[in-house]
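Student: I am new to this structure and would like a close look at one part of it. Please take the salt bridges, and then whatever else fits beside them.

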Amino acid sequence: MLLEPTNKNLNTLFVNIDKVLIRDTSYLTKDFVPKVMASIDDDLEIKNLQKLLAIDESVSINPCMCHGDYQIDLYSTNELKATISFHHGESIRFEGWTNDATLVFGKELLELIKIAKKKFKIKIK
């Protein structure tokens with residue numbers, strides 16, 4: 001049964017999450033998997049990401065036809081628990097929801113992703 005995209009349902013996805021991988025869907029690996037652009041394993045940074053994914057529940061939108069600009073993979077003890085796709089800087093999609101959800105903080109989420117990508121590049125050098 002599909003759920004409505006609400007903040008309550010979004011927050012349940014983050015229970016026990018200890019790592020987040022952000023993948024850029026425009027860069028595919030040779031196995032056609034989106035390339036990891038950032039990794040977040042700090043509890044405070046994960047909570048900040050969760051806050052920036054807040055949904056405007058007063059707006060209901062139909063899904064677009066793309067795969068999203070970014071894929072946000074949520075892990076608990078190295079097990080993938082959920083994947084949220086980020087679309088056009090303004091909405092998110094989760095496969096267990098009835099439709100896409102409009103973000104309250106789309107621009108701020110883009111900025112967080114940009115910062116996380118820079119930190120990730122520094123870590124892997």
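Student: Is D100 buried or exposed, going by its relative accessibility?

Tutor: D100 counts as buried, at 2% relative accessibility. The terms have fixed cut-offs: buried means under 20% relative accessible area, exposed means over 50%, and partly exposed lies in between, with a 1.4 Å probe and protein chains only. Before going on, note that this is a predicted model, in which local features need pLDDT of at least 70, side-chain atom pairs count only at pLDDT 80 or more, and totals for chains, interfaces and linings use all residues. Residues are numbered from 1 along each chain as its sequence is written, and side-chain values use heavy atoms, with hydrogens and water left out.

The side chain of D100 meets that of R93 in a salt bridge, at 2.7 Å from N to O. A salt bridge here is a side-chain nitrogen of Lys or Arg within 4 Å of a carboxyl oxygen of Asp or Glu. By this rule the count comes to 5 salt bridges.

Another one of them joins K81 and E79, whose closest N and O atoms are 3.6 Å apart. K81 is partly exposed, with a relative accessible area of 47%, and E79 is also partly exposed, with 45%.

A further salt bridge links the side chains of E111 and K114, at 3.7 Å from N to O. Both residues lie in helix α3, residues 106–124, where they are 3 residues apart, about one turn of the helix. Helices (H or I, at least four residues) and strands (E, at least two) are DSSP runs, numbered from the N terminus. E111 is partly exposed at 40% relative accessibility, and K114 is partly exposed at 47%.

Two loop residues can be set beside these pairs. H88 is placed in the loop between β5 (79–87) and β6 (91–94). Its phi is near 55°, a positive value in a residue other than glycine. At 48% relative accessibility, H88 counts as partly exposed. N16 lies in the loop between α1 (7–13) and β1 (19–28). The phi of N16 is near 65°, again positive in a residue other than glycine. N16 is exposed, with a relative accessible area of 60%.

To return to the starting point, D100 is buried at 2% relative accessibility, and its salt-bridge partner is R93.
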